[in-house]
Amino acid sequence: MKYRWLHISDLHSLSGIKTEIMRMALLSELEENIPYSFILVTGDLSDKNQGYSEAKELILKISQKLSLTQDK
């Protein structure tokens, strides 16, 4: 069995237009027709222990775009 995983890292939940542009670019670059098995998230999810909800929201958007359940 083959697995295909998407690795994303250092989501730092910083605010600002540049961060939003990069997140939107990531979502638009993901191919919905490529079957991913898992998303591997490493590195920092927040900046100075703040903003976890923004990181969670992005991960959920990616999961939905790739039709993956939260456990994947």
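D10 is located in the loop that joins strand 1 (5–9) to helix 1 (17–29). The model described here is predicted. In this model, the phi angle of D10 is near 50°, a positive value in a residue other than glycine. D10 has a relative accessible area of 40%, and it is classed as partly exposed because this value falls between the 20% limit for buried residues and the 50% limit for exposed ones.

A positive phi value also occurs at S67, where the angle is near 55° and the residue is again not glycine. S67 belongs to the segment after helix 2. The relative accessibility of S67 is 65%; S67 therefore counts as exposed, the cut-off being over 50%.

Helix 2 itself covers residues 52–65, and E57 is one of its residues. With a relative accessible area of 45%, E57 is partly exposed. The distance between the C-alpha atoms of E57 and S37 is 19 Å, and the two residues are 20 positions apart along the chain.

A nonpolar patch on the surface is formed by M1, Y3, W5, F38 and L40. Together these residues have about 620 Å² of accessible area. Among the members of the patch, L40 is part of strand 2, which runs over residues 38–42. The relative accessible area of L40 is 39%, and this residue is partly exposed. L40 can therefore be counted in a patch, since patch residues need over 30% relative accessible area.

Definitions and conventions
Residues are numbered from 1 along each chain as its sequence is written. This is a predicted model: local features need pLDDT of at least 70, side-chain atom pairs count only at pLDDT 80 or more; totals for chains, interfaces and linings use all residues. Side-chain values use heavy atoms; hydrogens and water are left out. Helices (H or I, at least four residues) and strands (E, at least two) are DSSP runs, numbered from the N terminus. Buried means under 20% relative accessible area, exposed over 50%, partly exposed in between (1.4 Å probe, protein chains only). Patches are made of residues with over 30% relative accessible area and no salt bridge: like charges are joined within 9 Å, nonpolar side chains (Val, Leu, Ile, Met, Phe, Trp, Tyr) within 5 Å. Accessible areas come from the Shrake-Rupley method with a 1.4 Å probe; for residues, only the protein chains shown count as cover. A salt bridge is a side-chain nitrogen of Lys or Arg within 4 Å of a carboxyl oxygen of Asp or Glu.
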